[in-house]
Amino acid sequence: MSEYAIRLSDVIEKFSSSIKTGLTSLEADQRKSEYGLNVIEKEKKASAFKIFIQSLSEPITLILWAAVFLTFLSSAYDFFGRSDLGHALSSVYEAIAITIIIFVNAGLNFFQKMKARKSLDALRKISDRQVQVIRDGKRRRISALYLVPGDIVEAKMGDFIEADIRWLQTSELQVVESHLTGESTPILKNNRKLAKDTQLAERKNMGFSGSTVVNGTGIGIVVATGPNTEIGKIAGLLQKQDFKQTPIEKSIHQLTKKIMLMAAFVVGFSFIYDLFKQYFNEGSITVNGVFENISSAIALSVGAIPDALPVVLSIVLTIGARIMAKNKGLVKSLASVETLGSTNFIASDKTGTLTKNEMTVTNFFINGASDKINKIDRQFFDINDPYQAFFISSVLNNEIELSKENVNSKIGNPTDIALADFSLRSGFSKKNLLDKHDFKIIKVFPFDSKRKMMSTIIQVEDKYYLLAKGAPDILAKKANDIFVQGKKVDFTVFKNDFDRLVSGYAKQALRTIAIAISEITGQEAVKADQLQLENKLTLLGLVGIIDPPREEVRKSIATLKRASVKVVMITGDHADTAKAIAKNLGIIDDDSKTVVTGKEIESMSDQQLKDIVLDKRVYARVSPDHKQRIVKALQAHSQIVAMTGDGVNDAPALRSADIGISMGINGTEVTKDSADLILLDDKFTTIEKSVESGRMIFANIRNFIRQELTTNVAEVMSILLGTFLITSPIGNISELTPTLTTLMILWVNMISDSLPSFALGYDKAQGDLMNEKPRKIDAPILSKNLLFRVFVRGSIMAVTVFAAYIWAAASGMSASQAQTIAFLTLVFGQLWHVFDARSNSTLFRRNPFSNPLLIATVLFAALSSIFVTISPFFNQFMGTSPLSFSIYLAVAFLPALPTFALSIIKEILLSKKIKIDFI
């Protein structure tokens, strides 16, 4: 769309329209058929059924499905081939239990993926309003949905612009486009032709859908509707964004692949070994022997696969989401909970995120001094007092209007609103002065971009005054004197000081407004023109206005720096303003740091941008696609990037980032729906807290995976020890009998292991996590030392389980009793180990009672595991058997010895400053 670069007559001719008569109703209907409604079409979404089917076909799930198939096959053989109904039912129970596990995992995965994706619905809402157009030569109001290219529209203060428009006529028309460009200052529009390479934020002859008119009036021709508008293009960018894997998802995926490969090898090798063992022992391989080996292989595969991993991971992430919610951070995607903890860069929009998105007076000079404003608490207002005259002029020479819907809301130029709010803090309001005091507005000379000032004539009793405000250089030329300490001083004497003051404000990127007054006669008030009146002024003071930084942001940025998280400002605002704000907040340290502009990005290749992006901290005058390029350039360096924003223009970059963060109060619906994390209080501090929470969540996830895998190693090793070391029957137990049954392993995985593991999600952090660096994107979730630690602890636990099984077999116990002893030894072994898994060093370094939920889940797992050995139902269902009281005591406390022994050894080494992570 290049209508901004051609003449007005060519634009009108291009769309076959007329500024006087507009389109005919017939033409409008034809174009509506051609271009469609002025809405953004929704993107196609995968059906819920398809997402659920995908959840049932995850890699871990496929192995469990194979186990279900083999279990039913074994059951069929037992029933039809051996007529062994009891064994057949046991296999059916196993298959049902595994299937339940599959559907529980798939259900949680399904609900996690079914997050709301309503970005385009929110964009659609922009057009659900009325607009004034000229059709058939008459003015009429129509739904914005029915706007078509070529329509002639009229806009005035307070209106929303409902399509992309080329302005044909303007009268002091000022429009806020912060939702699109990121610039909070209103843009003065005109109808002049522009160069073809003019950036979006500089297209002053255009009006863009979703913008707000804050001053003046305009008439324009619609040049684009729906998906062809600039907002529509953003919607297109959103549709093209692929949903990305979070760091934790990538780490878990890599870990799962390794586990699956190892499990497949171990199960396959063990199954073949068992067949050879049967052949050498019996001289042949029988069908009965094959199915006995299949039972062992099923138990081994279930033991090797951390089937509870998806369930517990979802639960731990949900716990993390609740923790973030308490800190005012609403997480939309569970997998994103941990991502902030891995973040290297936070790329933040300026307006509304780092700043308040409201123009505010931050510096002022009144009556010759810069001081704190004073509350005027009196019934009488004196215009002859220079201090009061400043505020009276600020509110009466002001074009704001109060919203009819909300009396506390103001409509108008943000500069006027800033002056009104500033004056109100001293007790001055336009409504109060006009309604309750003797002030009357006689005449208004509106702001004019040519003379760069506005003035108003007021009457106070029998006296008349001209109130003026405008650009300091303009008012300085028209000033005779200036109030200093209550006295009028010749302005030529004070001019150098005044100029230095204005220059100082400009260096801080403040927008400066001078306020002046002059007393005039009643005759001048009625008859004189503005050129005669706007002279011989007395300057009252000066204000510096800016969209100020949020108070809490500076401290948060300092904390993030300590945590090795770099904050980058990406804004559509001016370079000087962006640099001043960045320096104020501590994003950059000094004035020597350069700001990269959108024009410079436009001239760079992706490689050139990648070469500089790690060292740059401020980007200005950028468009939505520039923001995406910056995010992707950082990601090309394997950086985890969080992007914050509140405007429509931020949505594509939020979708591209590893985690998108939206403001919850001032953020647009589009931005919220594109984000992964919504700040409910709009505070940047919440991001800092969320980073810390994310790191704590990752530490807890790592701890529970350590616990899970240690148990899996113990299960697999205990079965393998039986496979390789038991070559002949022991007592009443066959050499083909597995150490643990499949249902026992499932119980351990889903109850006695998973419940305490999920309680680890409630653990507090060990040490100050914000003093640590973010973990690398390609770093495995468990380091080599931690994996070796898992193997050592799991192997020792397996030896303990196998020794208990051998002792029971040698004592003449039945197979179910020996397996029950092995089962309880494993249960209590991993219940004692969970207290070690929550520590980076040893279990003695953490108070076991600091996590009451962990204590409760451990007790529940212990008691319920004993119960399933006593209950007749579970005896039949799981193949367990009751034991004597002395054996229960032994299997409850003896498995604690390895965990305590290893921790004691490690404590001794740590006391000698020998750090060992692999035991």
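Of the 919 residues in this protein chain, 56% count as buried. The model you are looking at is predicted, and its chain holds 35 helices and 25 strands. Here is a short tour, with most stops in one eight-stranded sheet.

**The chain as a whole**
- Take the contacts between residues at least 6 apart in sequence: 74% of them join residues at least 24 apart.
- The accessible surface of the chain comes to about 39,000 Å², and carbon and sulfur atoms account for 58% of that area.

**The eight-stranded sheet**
- This sheet is open and has mixed pairing, with its strands in the order β8-β25-β24-β23-β9-β20-β22-β21.
- The edges are β8 (329-331) and β21 (596-597); each has a single partner strand, so one side of each is left without a neighbour in the sheet.
- At the β21 edge, two bridges join β21 to β22 (residues 618-620), and these strands run parallel.
- To find this pairing on screen, look for T597, which stands opposite A620 in β22.

**Helices packed on the sheet**
- Helix α21 (residues 575-585) packs on the sheet and touches β20 (566-570), β21 and β22. The direction of α21 makes about 155° with that of β22.
- Helix α27 (residues 684-725) also packs on the sheet, touching β8, β9 (345-348), β20, β23 (641-645), β24 (659-663) and β25 (677-679). The direction of α27 makes about 160° with that of β9.

**Strand β23 and its partners**
- Why is β23 largely enclosed by the rest of the structure? Five of its five residues are buried, so the surrounding structure largely encloses the strand.
- In a regular strand, side chains alternate between the two faces of the sheet. In β23, V641, M643 and G645 point one way while A642 and T644 point the other way, and all are buried.
- β23 pairs with β9 in the parallel sense over four bridges, and I346 stands opposite A642 in β23.
- β23 also pairs with β24 in the parallel sense, over four bridges, and here A642 stands opposite I659 in β24.

**A hairpin to look at**
- Strands β16 (residues 479-484) and β17 (residues 487-490) pair in the antiparallel sense over four bridges.
- Within this pair, F483 stands opposite K488 in β17.
- The hairpin of β16 and β17 has two residues between the strands, and Q485 takes a positive phi near 55° there.

Methods:
Residues numbered from 1 in each chain as written. Predicted model: local features only at pLDDT ≥ 70, side-chain atom pairs only at ≥ 80, totals over all residues. Heavy atoms only, no water. Pairing = 2+ DSSP bridges. Contact = heavy atoms within 4.5 Å. Axes fitted to C-alpha atoms, helices over the stretch in contact; angles between N-to-C directions. Buried < 20%, exposed > 50% of the residue type's maximum accessible area, 1.4 Å probe, protein only. Areas by Shrake-Rupley, 256 points an atom, 1.4 Å probe, with all protein chains shown as cover.
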